[in-house]
Amino acid sequence: MIREAIESDAKAIAEIYNYYIRNTVITFEEEEVSTSHFAERINNIQKSGYSWLVVIENDDIIGYAYASKWNERAAYRNTVEISIYLSHSTTSKGWGTKLYQALFSHLHHKSIHTAIGTITLPNTASIALHEKFGMEKVAHFKEVGYKFGKWLDVGYWQVRLDS
């Protein structure tokens with residue numbers, strides 16, 4: 001089941017995300033994020049008119065996806081950045097595709113023109129998921145992040161939603 005996130009989902013969402021902070025370079029955050037901070041993030045995204053979706057399997061939240069402002073300036077109001085995280089034990093079961101299908105449906109209804117995804121490179125699985133939705137690589141920034149003692153590249157993928 002996929003639904004909009006609610007405040008009480010913040011603990012499960014934090015647990016999913018904090019795994020990636022502790023163990024991977026997928027996120028550039030280095031300090032774990034508290035449940036209350038995630039509750040605030042969810043609330044801010046939804047107050048801005050965007051969706052924060054969770055996927056539930058066997059009564060457990062196993063992933064989430066959301067859209068947020070790509071840039072604060074008014075001219076960017078029809079462009080969003082999208083993010084998706086699945087429990088590290090849930091990957092390769094099709095939930096990422098289902099979450100993005102639901103999120104993209106929400107974005108179409110909100111008249112969003114462009115969606116942008118940011119991916120730490122290399123990340124074959126994330127690239128494949130984004131490209132499954134017609135996203136194309138539009139930028140590659142070399143050595144812009146530093147985590148776990150190494151410099152990391154970032155790529156940007158983009159898709160027009162109103163074509």
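**Exercise 1. Find what the buried side of α4 packs against, and describe both sides of this helix.**

*Step 1.* Start with the partners: the buried residues of α4 pack against β4, α3, β5 and β7. Keep in mind that you are looking at a predicted model.

*Step 2.* Now name the residues concerned. Ser126, Leu129 and His130 are the buried residues of α4.

*Step 3.* Check how they are arranged. They span an arc of only 95 degrees around the axis, so they sit on the same side of α4.

*Step 4.* Turn to the other side of α4, where Thr124 and Lys132 are exposed.

*Step 5.* Finish with the residue that follows. Glycine 134 comes after α4, and its phi is positive, near 80 degrees.

**Exercise 2. Do the same for α2, and compare its span with the expected one.**

*Step 1.* Begin with the span. α2 has 13 residues and reaches 18 Å from its first C-alpha to its last. This is close to the 18 Å expected at 1.5 Å a residue.

*Step 2.* List the buried residues of α2: they are Phe38, Ala39, Ile42 and Ile45.

*Step 3.* Look at their directions. They cover an arc of only 130 degrees around the axis, which means that they lie on the same side of α2.

*Step 4.* Ask what lies over them. The cover of the buried residues of α2 includes α1, β2 and β3.

*Step 5.* Go round to the other side of α2, and you will find Ser36 and Lys47 exposed.

*Step 6.* Close with the glycine. α2 is followed by glycine 49, which has a positive phi, near 95 degrees.

**Exercise 3. Describe the largest nonpolar core and the surroundings of one member.**

*Step 1.* Recall a general idea: in soluble globular proteins, nonpolar side chains tend to be buried together.

*Step 2.* Now look at this model. The largest nonpolar core has 47 residues, and those touching the most other members are Phe38, Trp52, Tyr64, Ile82 and Tyr100.

*Step 3.* See which elements contribute. Two or more residues of this core come from each of α1, α2, β2, β3, β4, α3, β5 and β7.

*Step 4.* Zoom in on isoleucine 82. Leaving aside neighbours within four places in sequence, isoleucine 82 is in contact with residues including Tyr66, Tyr100, Leu103, Phe104, Ile116, His130 and Met135.

**Exercise 4. Work through three salt bridges, giving the distance, the location and the exposure.**

*Step 1.* Take the total: the whole structure holds six salt bridges.

*Step 2.* Start within one helix. Glutamate 15 and lysine 11 form a salt bridge, with their closest N and O atoms 2.6 Å apart. Both residues lie in helix α1, four residues apart, which is about one turn of the helix. Glutamate 15 counts as partly exposed, because its relative accessibility is 47%.

*Step 3.* Move on to glutamate 32, whose side chain meets that of arginine 22 in a salt bridge at 3.1 Å, N to O. Glutamate 32 is in the loop between α1 and α2 while arginine 22 is in helix α1, so the pair ties together parts 10 residues apart in sequence. Glutamate 32 is partly exposed at 46% relative accessible area, and arginine 22 is partly exposed at 43%.

*Step 4.* Finish with arginine 41 and glutamate 29, whose closest N and O atoms are 2.9 Å apart in their salt bridge. This pair links distant parts of the chain, 12 residues apart: arginine 41 is in helix α2 and glutamate 29 in the loop between α1 and α2. Arginine 41 is partly exposed at 22%, and glutamate 29 is partly exposed at 25%.

**Exercise 5. Characterise one aromatic pair and name a cluster of rings.**

*Step 1.* Remember how such pairs are described: by the distance of the ring centres and the angle of the planes.

*Step 2.* Note that the structure contains 16 aromatic pairs. In one of them, tyrosine 100 and phenylalanine 133 are 5.7 Å apart centre to centre, with 90 degrees between the planes. The pair is edge-to-face, because planes over 60 degrees apart count as such.

*Step 3.* Place the two rings in the chain. Tyrosine 100 belongs to helix α3 and phenylalanine 133 to the loop between α4 and β6, 33 residues apart, so distant parts of the chain are linked.

*Step 4.* Decide whether they are buried or exposed. Tyrosine 100 is buried, with a relative accessible area of 0%. Phenylalanine 133 also counts as buried, at 18%, because the limit is under 20%.

*Step 5.* Lastly, find the cluster: ring pairs link Tyr17, Tyr19, Tyr20, Phe38, Trp52, Tyr64, Tyr66 and Tyr85.

Terms used: Residues numbered from 1 in each chain as written. Predicted model: local features only at pLDDT ≥ 70, side-chain atom pairs only at ≥ 80, totals over all residues. Heavy atoms only, no water. Core = buried A, V, L, I, M, F, W, Y, C linked by side-chain atoms within 4.5 Å. Buried < 20%, exposed > 50% of the residue type's maximum accessible area, 1.4 Å probe, protein only. Contact = heavy atoms within 4.5 Å. Salt bridge = Lys/Arg side-chain N within 4 Å of Asp/Glu carboxyl O. Expected span 1.5 Å × (residues − 1). Arc of directions from axis to C-beta. Phe/Tyr/Trp six-rings, centres within 6.5 Å; stacked < 30°, edge-to-face > 60°.
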